[in-house]
Amino acid sequence: LKGVLSRRARVFQVRDLLTEILSNSKVRGGMVRRICEAEGVPEIAADLLELESTELSRVLIEGVPLVKDNLSRFLSRDRYSLPPLHNFFFTRDSAVAIRDKVLISRMANLVRGRETRIVESIFDYHSAFNSRTVNPARLGAAGADVTIEGGDVLVASPEILIIGIGARTTAKAVDFLIERIKEQGYKQHILIQQLPHSPESFIHLDMVFTFLDTNCCMVYEPVIMDTHHFDTVHVAIDRGQVVSITQEDNLLVALGKLGMEMTAVVCGGTEDQWVQEREQWHSGANFFALAPGQVIGYGRNQHTTEELSKAGFEIIPANDVVDGKVDLDETGRCVVTIDGSELARGGGGCRCMTMPLGREEI
């Protein structure tokens, strides 16, 4: 994945960025104390602050083992004072770049709070980024019913956001965004797509809908194309006001009304519902666009890949790109396929594992 991404972009690794900001003593002290306080172990902060930056970065991600130096800890079934961040390779979830700001997610599961604290500190303090963060938890939206995760937010264009609401992102979180946009005073269209709360494979919008090209998208048909079974709502904002809220037939219709005519490629194909469900479960709708018409996703979803081939996408194994056998600059529409059995079992795909900071205009 990193090898393919590096052919198209400058790629940052969270651990490297974290190590670099931890060399700043003020950042180090504040971050470590906030993390330890939030996770109920303030007593270990002093020991952590004694570690050099590389090791501190490692344990903040991989976990701090519990030292069983008293009876309570000896009898505890816990293995860690700070547990490992098992889900942190899904960097999409913790933040999303919208226009000139980075929205810090407010995760639905408290166990993932450390991810957002780390990411927020990176964007606030790393010299490579000139970014401004917006954190709902710091701006009066700290209620348990205000959660938003990056996998539910798709930036269709500077003027069009698509946001899924379901198990991880709530309507009140969208209301928070609407209020922030109203304060900025610019024109914005927000398309809200309701998602099923189960099964778990539907946790984010990008598990059922992703962009492939300027005029083509990948859809999980039973959710995206089933008119009014799952609501699609269009909120239009202009000059500090919500000027309209309307029901739409589905996302493709709504995008078409805004000048983005889309052709749908169906996850799992159209012939067998069981195949659709199976490949969606393995992130078959979750693609990351390297460029318009050039995407990367799991090769294991063979029926989805066949649908892409029918739509004019050349199938290219990731190793051929990494090894230099294929030059993406000389290639047209294509899907770069990566192996991924254990990754897919983690519950996400290539879009989930990337968090774009900026893109060239198209």
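Which helix gives the most to the lining of the second largest pocket? I will come to that after the ground rules.

This is a predicted model, where local features need pLDDT of at least 70 and side-chain atom pairs count only at pLDDT 80 or more, while totals for chains, interfaces and linings use all residues. Residues are numbered from 1 along each chain as its sequence is written, and side-chain values use heavy atoms, with hydrogens and water left out.

Now the pocket. A pocket here is an open set of points on a 1 Å grid over the protein atoms alone, where a 1.4 Å probe fits, with protein on both sides within 12 Å along at least five of seven lines; lining residues have an atom within 4 Å of a point. The second largest one is lined by 20 residues, and Gly113, Arg114, Thr116, Arg117 and Ala137 lie nearest its centre. Two elements give two or more residues to this lining: helix H3 (25–38) and helix H7 (113–125). Helices are DSSP runs of H or I, at least four residues, and strands are E runs of at least two, numbered from the N terminus. To answer the opening question, H7 gives the most, with five residues.

Next, the sheet. An open sheet of three strands runs in the order E9-E10-E13, with mixed pairing; two strands pair if DSSP finds at least two bridges between them. At the edges are E9 (209–213) and E13 (263–266), each pairing on one side only. E9 and E10 (residues 216–219) run antiparallel and are joined by four bridges. Phe211 has Cys217 in E10 as its bridge partner.
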